[in-house]
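Walk through this fold with the sequence and the model side by side. Start with the strands, then turn to the helices, the core and the charged pairs.

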Amino acid sequence: MKKLILLFFMVSIASLGYAKESEIRSDELAIEGADKIVKVEVKGLVCDFCARALDKIFRKQPEVAGIDVDLDDKRVTIGFKEGKMLDDKAIKKLINASGYTVEKIHRG
């Protein structure tokens, strides 16, 4: 029984370390199908409804390959299709129309 508890404990600890490592790596990964990535710091992101609203708005844009909304960091990562892009003015307009404020846009 002690061996079983010890094994369970070791597996739990190992999986916590793996989860943390994958979280770090997932932030660095590109959005699938995206040629270029733009990260936008957004003021006002507080709930899943916020994330869904922005996701819906941006996925309607023909230039967008995908979007990731990080509520903890208040960051929206937008992936663009090959050869496509929205300029900062268009990104700000879409986010502002959704009721949020753009703090900063990072192009990488």
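Two strands count as paired if DSSP finds at least two bridges between them. With that in hand, look at Val40, which stands opposite Ile105 in β4. Val40 belongs to a longer match: six bridges join strand β1, residues 36-43, to β4, and the two strands run antiparallel. Keep in mind that this is a predicted model.

Now step back to the whole chain. The protein holds three helices and four strands. Along the sequence they follow the pattern α-β-α-β-β-α-β. In space the strands take another arrangement. They form an open sheet in the order β2-β3-β1-β4, with antiparallel pairing. Which strands sit at the edges? They are β2 (64-70) and β4 (101-107), and each pairs on one side only. Neighbouring strands are turned by 20 degrees against each other on average, direction ignored.

Two helices pack on this sheet. Helix α2, residues 48-59, touches β2 and β3 (75-80). The direction of α2 makes about 165 degrees with that of β2. Helix α3, residues 88-97, touches β1, β3 and β4. The direction of α3 makes about 145 degrees with that of β4.

Take β3 next. β3 pairs with β1 in the antiparallel sense over six bridges. Here Glu41 stands opposite Arg75 in β3. β3 also pairs with β2, again antiparallel and over six bridges. In that pairing, the bridge partner of Ile67 is Ile78. β2 and β3 form a hairpin with four residues between them. Lys74 lies in the turn and has a positive phi of about 55 degrees.

How many residues of β3 are buried? Six of the six are, so β3 is largely enclosed by the rest of the structure. In a regular strand the side chains alternate between the two faces of the sheet. The strand can be read that way here: Arg75, Thr77 and Gly79 point one way from β3, while Val76, Ile78 and Phe80 point the other way. Residues on both sides are buried.

Follow Val76 inward. Leaving aside residues up to four places away in sequence, Val76 touches a set of residues that includes Val38, Val40, Leu54 and Ile67. Val76 is also among the residues with the most contacts inside the largest nonpolar core. The others named there are Val40, Phe58, Ile91 and Ile95. That core has 21 residues. β1, α2, β2, β3, α3 and β4 each give two or more residues to the core. The most come from α2, with four residues. In soluble globular proteins, nonpolar side chains tend to be buried together.

Some totals put the core in context. Buried residues make up 25% of the 108 residues in the protein. Among contacts with a separation of 6 or more, 59% come from residues 24 or more positions apart. The accessible surface comes to about 7,900 Å², and 57% of that surface belongs to carbon and sulfur atoms.

Finish with the charges. A search of the whole structure finds four salt bridges. One of them links Asp88 and Arg107, whose closest N and O atoms are 2.7 Å apart. Asp88 lies in helix α3 and Arg107 in strand β4, so the pair ties together parts that are 19 residues apart in sequence. Asp88 is partly exposed, with a relative accessible area of 32%. Arg107 is partly exposed too, at 40%.

Another salt bridge stays within one helix. Asp55 pairs with Arg59, with the closest N and O atoms 2.9 Å apart. Both lie in α2, four residues apart, about one turn of the helix. Asp55 is partly exposed, with a relative accessible area of 24%. Arg59 is partly exposed at 46%.

Arg75 brings us back to β3. Arg75 forms a salt bridge with Asp73, the closest N and O atoms being 3.5 Å apart. Is Arg75 buried or exposed? The cut-off for buried is under 20% relative accessible area. Arg75 is at 18%, so Arg75 counts as buried. Its partner Asp73 is partly exposed, with a relative accessible area of 44%.

Notes. Residues numbered from 1 in each chain as written. Predicted model: local features only at pLDDT ≥ 70, side-chain atom pairs only at ≥ 80, totals over all residues. Heavy atoms only, no water. Axes fitted to C-alpha atoms, helices over the stretch in contact; angles between N-to-C directions. Contact = heavy atoms within 4.5 Å. Buried < 20%, exposed > 50% of the residue type's maximum accessible area, 1.4 Å probe, protein only. Areas by Shrake-Rupley, 256 points an atom, 1.4 Å probe, with all protein chains shown as cover. Salt bridge = Lys/Arg side-chain N within 4 Å of Asp/Glu carboxyl O. Core = buried A, V, L, I, M, F, W, Y, C linked by side-chain atoms within 4.5 Å.
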